[in-house]
Amino acid sequence: MTGIEWTALDYVWLAAFAVAVGIAIGATGIGGVVLAPYLISVAGFPVIVAIATSIAAFIVVGLAGTVIYTRQGAMDWRMAGWLSLGAAPGAWAGSVAVAAIRPEIVATGIAVLMVVTGLNSFRKSAPLFRGWQPGAAAFTLIGLVVGVVSGLSGTGGPVTMVPLLVAIGQPALAIVAVSQIIQIPISGSAIVAHLSEGRIIWPVTIILAIAMAVGLRLGAALITGRDPSVLRLILAGSLVVAGSFLLVRQLMF
């Protein structure tokens with residue numbers, strides 16, 4: 001446990017914050033990047049405990065998002081399958097290694113990737129790798145990288161995966177859809193790695209999971225029926241905003 005005494009109001013604020021994060025995840029696939037920083041800076045959690053507690057909550061969010069986007073017919077199961085194949089072992093490895101690697105280095109790298117990809121996506125010439133059709137090996141490698149980074153940083157996966165898939169020119173709605181399912185193997189593998197160390201604060205994880213799932217449904221409703229070009233711009237703006245937040249935070253703290 002953290003040794004920090006929480007009041008009922010603290011849990012209410014946590015739930016409200018998690019709903020807002022869920023809305024962002026449902027609409028753009030990203031948003032979970034702010035959970036671990038919140039638990040560290042506002043709630044006072046130790047870094048590793050914050051990472052373990054936040055990443056464990058994403059399994060419920062991933063399940064809810066997968067159901068929603070599958071019903072909409074937006075899920076690219078081929079891409080999702082290969083990404084998940086790489087993400088599961090990657091998340092386990094990252095979660096095991098988290099105690100040995102400074103998380104702020106990982107966070108800075110993620111922030112730069114998000115900002116650069118987001119800015120490029122505003123250009124008509126995007127994506128960065130036009131004409132390339134990634135296959136099973138490429139998606140599995142991307143999943144592996146995403147899993148490792150997620151395990152090290154406490155994010156559910158989309159914050160790293162979304163800019164990578166945007167950069168290789170995947171359809172915006174498919175990106176948002178697979179960013180939901182990728183959270184399941186990542187969170188599951190991370191839970192296995194963290195359980196034996198007792199790093200997960202389960203009451204907080206449960207509140208985060210439920211509140212984010214509620215917000216996710218609202219976020220998914222916001223983009224239903226949106227024009228693909230508009231959705232691409234929403235993704236681009238989200239990447240720049242979230243990446244800038246993360247980068248500023250690393251520079252200030």
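Helices (H or I, at least four residues) and strands (E, at least two) are DSSP runs, numbered from the N terminus. The model is predicted: local features need pLDDT of at least 70, side-chain atom pairs count only at pLDDT 80 or more, and totals for chains, interfaces and linings use all residues. Residues are numbered from 1 along each chain as its sequence is written, and side-chain values use heavy atoms, with hydrogens and water left out.

**Exercise 1. Work out which pattern the protein follows along the sequence.**

Step 1: Count the elements; the protein has 11 helices and 0 strands.
Step 2: Write them in sequence order, which gives α-α-α-α-α-α-α-α-α-α-α.

**Exercise 2. Decide how far helix α8 is enclosed by the rest of the structure.**

Step 1: Fix the cut-offs: buried is under 20% relative accessible area, exposed is over 50%, and partly exposed lies in between (1.4 Å probe, protein chains only).
Step 2: Get the background; 53% of the protein's 253 residues count as buried.
Step 3: List the buried residues of α8, which are Ala172, Ala174, Ile175, Val176, Ala177, Val178, Ser179, Gln180 and Ile181.
Step 4: Conclude; α8 spans residues 172-181 and 9 of its 10 residues are buried, so this helix is largely enclosed.

**Exercise 3. Classify Gly86 as buried or exposed, then locate Ile142 relative to Gly86.**

Step 1: Place Gly86, which is in helix α4 (residues 77-97).
Step 2: Apply the cut-off; Gly86 is buried because its relative accessible area is 3%.
Step 3: Compare sequence and space; Ile142 is 56 residues from Gly86 in sequence, with a C-alpha to C-alpha separation of 7.2 Å.

**Exercise 4. Find which residues make the nonpolar surface patch, and classify Ile210.**

Step 1: Set the rule; patch residues have over 30% relative accessible area and no salt bridge, with nonpolar side chains (Val, Leu, Ile, Met, Phe, Trp, Tyr) joined within 5 Å and like charges within 9 Å. A salt bridge is a side-chain nitrogen of Lys or Arg within 4 Å of a carboxyl oxygen of Asp or Glu. Accessible areas come from the Shrake-Rupley method with a 1.4 Å probe; for residues, only the protein chains shown count as cover.
Step 2: Name the members; Leu195, Trp202, Ile206, Ile210, Val214 and Leu218 make a patch of about 570 Å².
Step 3: Assign them; helix α10 (residues 202-223) gives the largest share, 5 residues.
Step 4: Recall the geometry; an α-helix has 3.6 residues a turn, so residues three or four places apart point the same way.
Step 5: Check one member; Ile210 is in α10, and Ile210 counts as exposed because its relative accessibility is 52%.
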